[in-house]
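Q: Please show me how to read a model like this one, feature by feature.

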Amino acid sequence: MKGTEHFKEIIKGYLEQRAKEDELFRAKYETTTRTIDDVVTFILNEVQKSGCCGFADDEIYSLAVHCIDEPELEIGKPQSCNVVVNHHVELTEEEKAEQRALALKRYQDGELRKLQARNHRPKPAKTQEDKQHQPSLFDNF
């Protein structure tokens with residue numbers, strides 16, 4: 001699951017949990033015409049307006065609740081961006097296998113490039129000094 005999709009799921013889960021715990025909020029949440037995409041769009045627009053790059057979970061959750069509480073709020077235009085979520089993302093077994101295969105392929109490609117570079121490296125030309133005879137202890141003078 002991509003970060004932005006995971007973000008939507010986290011916001012939706014929070015709003016649903018809040019609706020279970022808070023009767024006043026539940027009434028608004030159950031009757032709202034706003035979708036989770038509307039809520040996320042509102043949050044992203046508010047984050048962009050602030051100019052900040054990092055937020056506490058509670059700040060983001062309060063924006064989501066505010067969006068549901070105030071039906072007259074301007075949501076804004078959808079943003080084309082990715083959201084980084086600091087929560088642990090649980091992958092399915094299929095996704096884990098896919099990621100392992102990709103990692104193995106990248107590793108193999110890297111090792112193959114190293115071998116090819118080593119084999120195709122030009123041999124250093126012999127210099128004049130290398131061509132001269134080097135005396136050894138066993139040479140007769």
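**Reading the model**

Q: What does Asp22 count as, at 23% relative accessibility?

A: Asp22 counts as partly exposed. The scale has three classes: buried is under 20% relative accessible area, exposed is over 50%, and partly exposed is in between, with a 1.4 Å probe and protein chains only.

Q: What should I know about the model itself?

A: This is a predicted model: local features need pLDDT of at least 70, side-chain atom pairs count only at pLDDT 80 or more, and totals for chains, interfaces and linings use all residues. Residues are numbered from 1 along each chain as its sequence is written, and side-chain values use heavy atoms, leaving out hydrogens and water.

Q: How many helices and strands does the chain have?

A: Helices here are DSSP runs (H or I, at least four residues), strands are runs of E (at least two), and numbering starts at the N terminus. This chain comes to 6 helices and 0 strands. From the N terminus on, its elements run α-α-α-α-α-α.

Q: What share of the chain is buried?

A: Buried residues make up 21% of the 141 residues.

Q: What part of the contacts joins residues 24 or more positions apart?

A: A contact means heavy atoms within 4.5 Å. Take the contacts with a separation of 6 or more: residues 24 or more positions apart account for 75% of them.

Q: How many salt bridges does the structure hold?

A: Start with the general idea. Side chains of opposite charge can pair when their charged atoms come close. The rule asks for a side-chain nitrogen of Lys or Arg within 4 Å of a carboxyl oxygen of Asp or Glu. The structure holds 7 salt bridges. One of them joins Asp37 and Lys8, at 2.6 Å from N to O. Asp37 lies in helix α3 and Lys8 in helix α1, so this pair ties together parts that are 29 residues apart in sequence.

Q: Are Lys8 and Asp37 buried or partly exposed?

A: Lys8 is buried, with a relative accessible area of 17%. Asp37 is partly exposed, at 38%.

Q: Which salt bridge lies within one helix?

A: Look at Glu111 and Lys114. Their side chains meet at 3.3 Å, N to O. Both residues lie in helix α5 (residues 93–119), 3 residues apart, about one turn of the helix. Glu111 is partly exposed at 30%, and Lys114 is partly exposed at 48%.

Q: Which residues are joined into one network by salt bridges that share partners?

A: Glu5, Lys8 and Asp37 are joined this way.

Q: How many aromatic pairs are there?

A: A pair of aromatic rings is described by the distance of the centres and the angle of the planes. Rings of Phe, Tyr and Trp (its six-membered ring) pair if their centres lie within 6.5 Å; planes under 30 degrees apart are stacked, over 60 edge-to-face, and the rest tilted. The count here is 2. The rings of Tyr14 and Tyr61 have centres 4.0 Å apart and planes at 5 degrees, so the pair is stacked. This pair links distant parts of the chain: Tyr14 is in helix α1 (residues 3–21), Tyr61 is in helix α4 (residues 57–69), and they are 47 residues apart. Tyr14 is partly exposed at 25%, while Tyr61 is buried at 14%. Phe25 and Tyr29 also form a stacked pair, 5.8 Å centre to centre with 20 degrees between the planes. Both lie in helix α2, 4 residues apart.

Q: What sits over the ring of Phe25?

A: A charge sits over a ring if NZ of Lys or CZ of Arg is within 6 Å of the ring centre and within 35 degrees of the ring normal. Here it is the charged end of Arg18, 5.6 Å from the centre of the Phe25 ring. Phe25 is buried, with a relative accessible area of 2%. Arg18 is partly exposed at 28%. Arg18 also forms a salt bridge with Asp22, the closest N and O atoms being 3.7 Å apart.

Q: Where is Arg34, and what is its nearest side chain of opposite charge?

A: Arg34 is in the loop between α2 (23–31) and α3 (36–50). For charge, Lys and Arg count as positive, Asp and Glu as negative; His and the chain ends are not counted. Arg34 is buried yet has no salt bridge, and the nearest side chain of opposite charge, Asp38, is 5.4 Å away.

Q: Which backbone oxygens lie by the Arg34 side chain?

A: A polar atom of the Arg34 side chain is 2.8 Å from the backbone oxygen of Pro71. The backbone oxygen of Glu70 lies 3.3 Å from a polar atom of this side chain. Leaving out residues up to four places away in sequence, Arg34 touches Cys67, Glu70, Pro71, Glu72, Leu73 and Ile75.

Q: Is Asn86 buried or exposed?

A: Asn86 is exposed, with a relative accessible area of 65%. Its place is the loop between α4 and α5. The C-alpha atoms of Asn86 and Phe7 are separated by 9.5 Å, with their positions 79 residues apart along the chain.

Terms used: Polar contact = N/O pair within 3.5 Å; in protein donor to acceptor, adjacent residues only side chain to side chain.
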